[in-house]
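Biologist: I'm new to this one and could use a walk-through. Could we go feature by feature, with the general idea and then the case at hand?

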Amino acid sequence: MIGFSALLAAPFAAAMLAGSSAQMDTTPAAVTDRPPEDEIIYFVLPDRFENGDTDNDRGGIRGDRLKHGFDPTHKGFYQGGDLAGLTARLDYIQSLGATAIWLSPIFENKPVQGRGEYVSAGYHGYWITDFLNVDPHLGTREEFKALVDAAHARGMKVYMDIITNHTADVIQYQECHGRNALPELKESGECPYRSKGDYPYTTIGGPDGKPVNQGFLGDDPAHLTTENFSKLTNPNYAYTPFVPRAERRVKNPAWLNDVRYYHNRGNTRFEGENSRMGDFVGLDDLMTEDPFVVQGMIDIYKQWITDFRVDGYRIDTARHVNPEFWQIFAPAILDHAAAEGIPNFHMFGEVYEFEPGQLAKFTTEDGFPAILDFAFQGRVRSMVAEDKPARDLDRLFTTDAVYAKGFETAKQLPTFLGNHDMGRFSGFIREANPEISDEELTARIILGHAILMVSRGVPTIYYGDEQGFVSDGHDQDARETLFPSVTDVYTDNDLAGTDATVADENFDRSHPIYTAISELAAMRQSEPALRRGAQMVRHSDLEGGVIVLSRMDPDGSGEIIGAFNAENEARTIRFPVDGRSGAWQGLHGDCLNESPAPGMYEVTLPATGFVICKTEFQTQ
C-alpha cells in the first residue's frame with residue numbers, strides 16, 4: 001500500500017462541534033449507575049505498565065531468576081511493573097478517555113514454569129496457585145484496594161481477569177513425569193490426552209483395569225450432582241497423578257490441593273472432548289463438572305467482590321469449561337454483585353473464535369452476559385490491515401440477532417483490535433504491508449480506533465497501542481513495558497507516530513495516536529447515540545474498503561453517522577439517512593451542513609480516513 005491520510009494533518013478538536021462543544025458533558029456518571037456499554041476499557045498487564053515499587057520486583061523470593069522469576073532482560077519473565085505503578089498512572093489512563101481498567105490476573109502465581117527453552121515466569125497472571133491473594137511481585141491486597149478505591153474516586157471502574165478452568169502446573173503424572181516414565185515424555189513434560197472412552201472413570205488404566213469408583217455414573221449433564229461425585233474417590237483412572245512434596249500445600253483455598261478435583265487426563269489438543277478436559281499446556285485442569293468445584297469457584301470470586309467492590313470479571317479460557325458450570329456460576333456472581341450494590345457488574349468470557357455464531361452460543365447455551373468480540377476484531381483487521389472488503393464487517397453486524405438478547409447483548413460485547421495473546425493491531429497492519437510508511441501506519445491505527453469508538457460494543461484499548469507500539473509478533477512479543485525496557489526484542493522495535501523506542505518512558509500524552517483516541521473517547525462519552533443507540537449500516541462496499549455506520553440517539557432525537565475509508569484514495573459516498581434529518585454538524589472531518597436531498601446524505605472521505613457527522617431530527 002502507498003498513500004496516506006489527511007487525518008494526521010487535521011487537528012481532531014477543530015472538527016468537534018465548534019458551536020456547542022462548551023455544552024458537552026463528558027463526565028462519566030456514578031460508577032455503579034453506568035451500564036457496561038457506557039464504558040471505554042483499558043486493558044493492561046500490571047507487570048508491563050509501570051514500576052512503582054522496586055522492592056517487590058522479586059516477589060520476596062530468594063535465589064536466581066528460575067526461583068523468583070524476575071529478569072527484565074527477558075520477555076518471558078517479570079519486568080517489575082506493579083499495582084503501585086498502575087495507581088500512580090491513573091491520570092494517564094483517564095486522560096486517554098478510559099472509564100474502566102481491565103487488569104490481567106493479579107492472583108499469586110507459580111513464579112516459574114516450563115523446561116529448557118520454554119521456561120518462563122507467571123508475570124501475566126494465568127498460572128494461579130493462591131486464588132485469594134495478590135501476587136507479591138505485583139503488590140499486596142492493601143495496594144489492590146488502594147487502586148480500586150483511587151479508580152472509583154475518579155469515576156473509573158476496575159475489572160479483574162479471572163480463571164476457573166485451571167490452576168498452575170503443579171500436578172504431575174507417574175506415567176509422564178515419574179521415575180519410570182518414558183524418557184521422551186519425562187524430558188519434554190508432555191502427557192498425551194487419555195479419553196473417557198479409552199480410560200473410563202470406573203477402571204484403572206483402561207477398560208480391563210481394576211474397578212474403581214463404583215456407582216459413579218459419569219459426568220453427563222444429567223449426573224452433575226453431589227451424590228454422584230461423592231463416588232468419584234479414586235483419581236487414577238487415566239493417569240496416576242501426584243504432587244511433588246514441595247508443592248503439596250501451595251494452592252489456596254486448601255481444597256485445590258486435592259487431585260480428585262481435577263480431570264487428570266493429560267494435555268489438551270484443543271479439540272472435542274479434550275478441549276474441556278485436558279490440561280492447557282500442562283496447567284492443572286479443574287473438574288468443573290463437580291458441584292463442589294462449582295461452589296468453590298463461586299465462593300472465591302464472590303469474596304473478591306465483597307472485599308474490593310470490583311466492577312466486573314473478564315473470564316479466561318471460557319470455552320474450555322462445560323456449559324453447566326457457567327449456567328450456575330454466572331447468575332450466582334451477578335446476583336452477589338447486585339446484592340453488594342453493583343447492579344451493572346460486567347462479566348464477559350474469552351472465547352478465541354472468529355465466527356459470531358460460535359461466540360453467540362456462549363450467551364445462549366452457557367449463559368454468559370457477554371463475550372469478547374473476536375469476530376469484530378477479525379473483520380476490522382481484514383478491512384483496515386489486509387485490504388479486504390468492508391462488506392465483511394457489514395455481515396458481522398447483521399448477525400447480532402443471534403446473541404441471547406440480540407442487540408442488547410451485542411452492544412455490551414467488549415470490542416478490540418488486538419491483545420496480549422494474538423498481538424497488536426499495528427503489527428497486523430505492518431505484517432500485511434511491510435513497506436508501509438510511518439504516516440500511513442499511524443493513520444490506519446487511528447482509523448481502526450475510530451471504527452472501534454463508533455461501532456456498537458464496548459471499546460477496549462490494549463495498553464501501549466496509544467503510544468504506537470508495534471510488536472514483533474504475538475504473546476510474549478506483544479507485551480512490552482511502558483516504563484523503560486532493557487529487553488532487546490522490545491527495544492529494537494520501530495514505533496508508529498514517534499521517534500521514541502521502548503527503551504524510553506512511553507507515557508506521552510502528545511503522541512498522535514494517544515491524542516486521537518482521547519478525542520474519540522470524549523466524543524463517545526458526550527454522545528449517548530455512540531454508547532447506547534441502535535446501529536444500522538448505511539453503506540458498505542462489496543469489494544472496496546468504505547463502510548458507513550449510523551447510530552441513533554436513544555431518545556429518538558437524532559442520528560450520528562460514521563463513515564470510514566480504508567482505501568488509499570479519497571472517496572465520495574452517498575447513502576440513505578433518516579428522513580427527519582435537519583442540519584448536520586461535524587464531529588470529525590468535513591460534513592455538509594445540509595443533505596443534498598431529503599433522506600440522503602453525502603460525505604467525502606480522505607484516504608485512510610473518516611468523518612463523523614451528527615444531525616438532530618426536525619419536528620413536524
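Modeller: Sure, and keep in mind that this is a predicted model. Let's begin with a disulfide: the link of cysteine 591 and cysteine 613 is left-handed, with -85° about the S-S bond.

Biologist: Remind me, what is a disulfide?

Modeller: A disulfide is a covalent bond between the sulfur atoms of two cysteines. Here, cysteine 591 is joined to cysteine 613, S to S 2.1 Å.

Biologist: Where do cysteine 591 and cysteine 613 lie?

Modeller: Cysteine 591 sits in the loop between strand 19 (581–588) and strand 20 (600–605), while cysteine 613 belongs to strand 21 (residues 610–617), so the pair ties together parts that are 22 residues apart in sequence. Both cysteine 591 and cysteine 613 are buried.

Biologist: How many disulfides does the structure hold?

Modeller: Two. Another disulfide joins cysteine 176 to cysteine 191, with S to S 1.8 Å. That pair links distant parts of the chain, 15 residues apart: cysteine 176 is in helix 5 (residues 174–177), and cysteine 191 is in the loop between helix 6 (183–188) and helix 7 (226–229).

Biologist: Is the link of cysteine 176 and cysteine 191 right-handed or left-handed?

Modeller: Right-handed, with 85° about the S-S bond. Cysteine 176 and cysteine 191 are buried too. If you count the bonded cysteines along the chain, the disulfides follow the pattern 1-2, 3-4.

Biologist: Now for burial. Why does serine 485 count as buried?

Modeller: The idea is a cut-off: buried means under 20% relative accessible area. Serine 485 counts as buried because its relative accessibility is 6%.

Biologist: And where does serine 485 lie?

Modeller: Look in the loop between strand 14 (458–462) and helix 17 (488–491). The side chain of serine 485 reaches the backbone nitrogen of threonine 487 at 3.0 Å.

Biologist: Which residues is serine 485 in contact with, leaving aside its neighbours within four places in sequence?

Modeller: Serine 485 is in contact with Gln79, Tyr490, Thr491, Val502 and Ala503.

Biologist: Can we read burial for a whole helix? Is helix 12 mostly covered or mostly exposed?

Modeller: You go through its residues and see how many are buried. Helix 12 (residues 374–384) is mostly covered, with ten of its eleven residues buried.

Biologist: Which residues of helix 12 are buried?

Modeller: They include Phe374, Phe376, Arg379 and Met383, and Val384 is among them as well.

Note on methods. Residues numbered from 1 in each chain as written. Predicted model: local features only at pLDDT ≥ 70, side-chain atom pairs only at ≥ 80, totals over all residues. Heavy atoms only, no water. Helix = DSSP H or I, 4+ residues; strand = E, 2+ residues; numbered from the N terminus. Buried < 20%, exposed > 50% of the residue type's maximum accessible area, 1.4 Å probe, protein only. Polar contact = N/O pair within 3.5 Å; in protein donor to acceptor, adjacent residues only side chain to side chain. Contact = heavy atoms within 4.5 Å. Disulfide = S-S within 2.5 Å.
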